[in-house]
Amino acid sequence: MRPFPSGICVVTIELEGRRAGLTVGSLVSLSLEPPLVGFALGRQAQLHELLRGAGEFGVSLLRGEQEALAQHFARSVPPIALWTGVELREDVEGPPLLAGALGWLRCRVYAEHPAGDHTFFAGEVVWTELGRPGAGLVYVRHDYLRA
């Protein structure tokens, strides 16, 4: 799959005052009625069990120039340090959303399905907003690019 580009986003949750986020390259649109999106999440990821407990998640669709954020949330860092220096949208309720993204989704967990060493989570989109137009961030051949 290396030569096939995938759009990059950061999936976030907040559970009992604890925030977590992870860079995801597997987000897909699943359905228009109801509006559903889905992504695969490794079972070993810190976000995995937290997402199950939270029952909802946010998605920030990254802009072409947000590679540093993609790298930041792709690393395994302590949850407290993860949010240091990260600009968030303060004007919306729910899971944290990254400022300056191409767009944002807020979703309720709709279903989950085991898929090898991952779980495929489907989320019902309950809120969306577009950011300013621009290029998106994609990942291809082990590199981030603007598209």
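**Helix α1, T119 and the largest pocket**

The buried residues of α1 are covered by elements that include β2 (9-15), β3 (18-24), β5 (35-42), β6 (56-61), β7 (103-115) and β8 (118-130). The model is predicted. Three topics follow: the helix, a threonine in β8, and the largest pocket.

**Helix α1**
- Helix α1 spans residues 46-54.
- Its buried residues include L47, H48, L50 and L51.
- An α-helix has 3.6 residues a turn, so residues three or four places apart point the same way.
- G55 follows α1 and has a positive phi, near 75 degrees.

**T119 in β8**
- T119 belongs to strand β8.
- T119 has a relative accessible area of 2%; that is under the 20% cut-off, so T119 counts as buried.
- Beyond its neighbours within four places in sequence, T119 contacts F39, A40, L41, R43, H48, E112 and H113.
- H48, one of the buried residues of α1, also makes a polar contact with T119: their side chains are joined at 2.8 Å.
- V10 lies 109 residues from T119 along the chain, and the C-alpha atoms of the two are 17 Å apart.

**Largest pocket**
- The volume of the largest pocket is about 300 Å³.
- Its lining comprises 14 residues.
- M1, F4, S6, G25 and Y139 are the lining residues nearest the pocket centre.
- Strands β3 and β9 (137-140) each contribute at least two lining residues.
- By class, the lining holds eight nonpolar, four polar and two charged residues.
- Strand β3 thus appears twice here: among the elements covering the buried residues of α1, and in the lining of the largest pocket.

Key
Residues are numbered from 1 along each chain as its sequence is written. This is a predicted model: local features need pLDDT of at least 70, side-chain atom pairs count only at pLDDT 80 or more; totals for chains, interfaces and linings use all residues. Side-chain values use heavy atoms; hydrogens and water are left out. Buried means under 20% relative accessible area, exposed over 50%, partly exposed in between (1.4 Å probe, protein chains only). Helices (H or I, at least four residues) and strands (E, at least two) are DSSP runs, numbered from the N terminus. Contact means heavy atoms within 4.5 Å. A polar contact is a pair of N or O atoms within 3.5 Å; within protein, one must be able to donate a hydrogen and the other to accept it, and residues adjacent in sequence count only if both atoms are side-chain atoms. On a 1 Å grid over the protein atoms alone, a cavity is a set of points where a 1.4 Å probe fits but cannot get out, and a pocket is an open set with protein on both sides within 12 Å along at least five of seven lines; lining residues have an atom within 4 Å of a point. Grid points are joined across faces, edges and corners, and a volume is the space filled by probe spheres set on the points. Ala, Val, Leu, Ile, Met, Phe, Trp, Tyr, Cys and Pro count as nonpolar, Asp, Glu, Lys and Arg as charged, and the others, Gly among them, as polar.
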